[in-house]
Structure formats: C-alpha cells, structure tokens
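Here's a short set of exercises to work through with the model open in your viewer. Try each task before you read its solution.

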Amino acid sequence: MEWTRPPYRISDRPDELDLDRVHAFLATSYWARGIPRDTIERSVRHSLAFGLFDGHRQIGFARVISDRATFAYLADVYVAEEARGRGLGLWLVETALAHPDLRGLRRWLLATRDAHDLYLKVGFTPLADPSILMTIHDPDIYLR
C-alpha cells in the first residue's frame, strides 16, 4: 500500500526500502546501537515495515511486529534529522496504526526514551499497571 502527502509518501512494500539507510540510522540510534545489517534484513522480513520517502529518497522508517489479530509492537520509528519538524513522524505512526492488517488489535506496545509527546498524540499512554509486564532486555547485545 501507499499513502501520499506530496512530495512525501509512505509505502509498506519491503522491496522499496533502502536498508542501507535504515541500517545507517539504526546502528547509531540509542535503542539499536551497533545492530548488524543482516539483523535489520531479518527484522524487516518478519515485520510489517513502512518506509517514508521524499521522492525516491528514504527519510524515515517504522515497523510493526504483530500476529495481525490481537497484538502489535511498534518499533524502530525514525525520521531523518533533516526532515524533522514537519509532522512526518506523526503521519508515519498514524499510518502504521491505521494499516488494514492491524485494525481491531487488543493491545499495542512500544518503548521510547524521548518521544512520549508524539505517541500520546496517537493514543498511547503510560502503562496503567506496569507490574503485569515483564521483560528480558539486553541493550548492548549488538555491541558484543
């Protein structure tokens, strides 16, 4: 599928993604520092991935891990620094949440250190009862 706001567009077609650009960004991000490119390729193969484009140049990315029936996890959302401040991140997240394959899900989750205001705008809230969730988290796994 494709969504447009000229000159920008969002596509969920994996063959359009510039995985070199995605890797370049994510490998320096706080949440995926050092991630190998082949790990990104595998994550895209097993997710619903969204590319944000200015013409043919990819300027953003997001992916959703989901069973497409009850649960989804929003991950790896970014907009390139030079394209920020135009509402593109909000549009990218809104597009992912509204995707036809993801309608009617009972629970969405995400993790963020610094974008709470963005996600509040689309309906995410802090956990009402964090004691019901548990995690295995190894933030330096890609650096070893």
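**Exercise 1. Work out which elements make the right-handed β-α-β unit, and how its strands pair.**

Step 1. In this predicted model, the unit is built from β5, helix α3 (residues 88-98) and β6, and it is right-handed.

Step 2. Now check the pairing. Strand β6 covers residues 107-110, and four bridges tie β5 to β6 in the parallel sense.

Step 3. For a concrete register point, pick L74: its bridge partner in β6 is L110.

**Exercise 2. Follow β5 to its antiparallel neighbour and describe the link.**

Step 1. The neighbour is β4, residues 57-66, which runs antiparallel to β5 with six bridges between them.

Step 2. Two register points help you line the strands up. S66 has A72 of β5 as its bridge partner, and R63 sits opposite A75 in β5.

Step 3. Look at the connection next. β4 and β5 form a hairpin with four residues between the strands, and R68 takes a positive phi near 60 degrees there.

Step 4. How many residues of strand β5 are buried? Seven of the nine residues in 71-79 are, so β5 is largely enclosed by the rest of the structure.

**Exercise 3. Go the other way from β4, to β3.**

Step 1. β3 and β4 are antiparallel too, with seven bridges.

Step 2. One pair to find on screen is L48 with its bridge partner V64 in β4.

Step 3. The β3-β4 hairpin has two residues between the strands, and G55 in the turn shows a positive phi of about 70 degrees.

Step 4. Is β4 mostly covered or mostly open? Mostly covered: seven of its ten residues are buried.

**Exercise 4. Describe the surroundings of F61.**

Step 1. Place the residue: F61 belongs to strand β4.

Step 2. Check its exposure. The relative accessible area of F61 is 1%, and the cut-off for buried is under 20%, so F61 counts as buried.

Step 3. List what it touches. Leaving out residues up to four places away in sequence, the contacts of F61 include L17, V22, L26, V44 and A49, as well as F50, D76, V77, Y78 and L92.

Step 4. Take V77 from that list: F61 and V77 lie 16 residues apart in sequence, yet their C-alpha atoms are 5.6 Å apart in space.

Step 5. Finally, which residues do ring pairs link into a cluster with F61? They are F25, Y30, W31 and Y78.

**Exercise 5. Classify two aromatic pairs by geometry and exposure.**

Step 1. Start with the total: searching the whole structure turns up six aromatic pairs.

Step 2. W3 and F50 make one of them, with 6.2 Å centre to centre and 45 degrees between the planes, and that counts as tilted.

Step 3. This pair bridges distant parts of the chain: W3 is in strand β1 (residues 2-5) and F50 is in strand β3 (residues 48-54), 47 residues apart.

Step 4. How exposed are the two partners? W3 has 21% relative accessibility, so it counts as partly exposed. F50 is at 0%, so it counts as buried.

Step 5. Compare Y30 and W31: their rings are 5.1 Å apart centre to centre, with 85 degrees between the planes, an edge-to-face pair.

Step 6. Y30 has 29% relative accessibility and counts as partly exposed. W31, at 32%, also counts as partly exposed.

**Exercise 6. Zoom out and summarise the protein chain.**

Step 1. Tally the secondary structure: four helices and six strands. Reading from the N terminus, the order is β-β-α-α-β-β-β-α-β-α.

Step 2. How does the radius of gyration compare with the globule rule? It is 15 Å, close to the 15 Å the rule gives for 144 residues, so the chain is as compact as a globular protein of that length.

Step 3. Along the principal axes, the C-alpha atoms fill a box of roughly 45 × 40 × 30 Å.

Step 4. Look at burial and surface: 38% of the 144 residues count as buried. The accessible surface is about 8,800 Å², and 53% of it belongs to carbon and sulfur atoms.

Step 5. End with contact range. Among contacts between residues at least 6 apart in sequence, 58% join residues at least 24 apart.

Notes. Residues numbered from 1 in each chain as written. Predicted model: local features only at pLDDT ≥ 70, side-chain atom pairs only at ≥ 80, totals over all residues. Heavy atoms only, no water. Buried < 20%, exposed > 50% of the residue type's maximum accessible area, 1.4 Å probe, protein only. Pairing = 2+ DSSP bridges. Right-handed = clockwise from strand over helix to strand, strands pointing away. Rg over C-alpha atoms; globule rule 2.2 N^0.38 Å. Contact = heavy atoms within 4.5 Å. Areas by Shrake-Rupley, 256 points an atom, 1.4 Å probe, with all protein chains shown as cover. Phe/Tyr/Trp six-rings, centres within 6.5 Å; stacked < 30°, edge-to-face > 60°.
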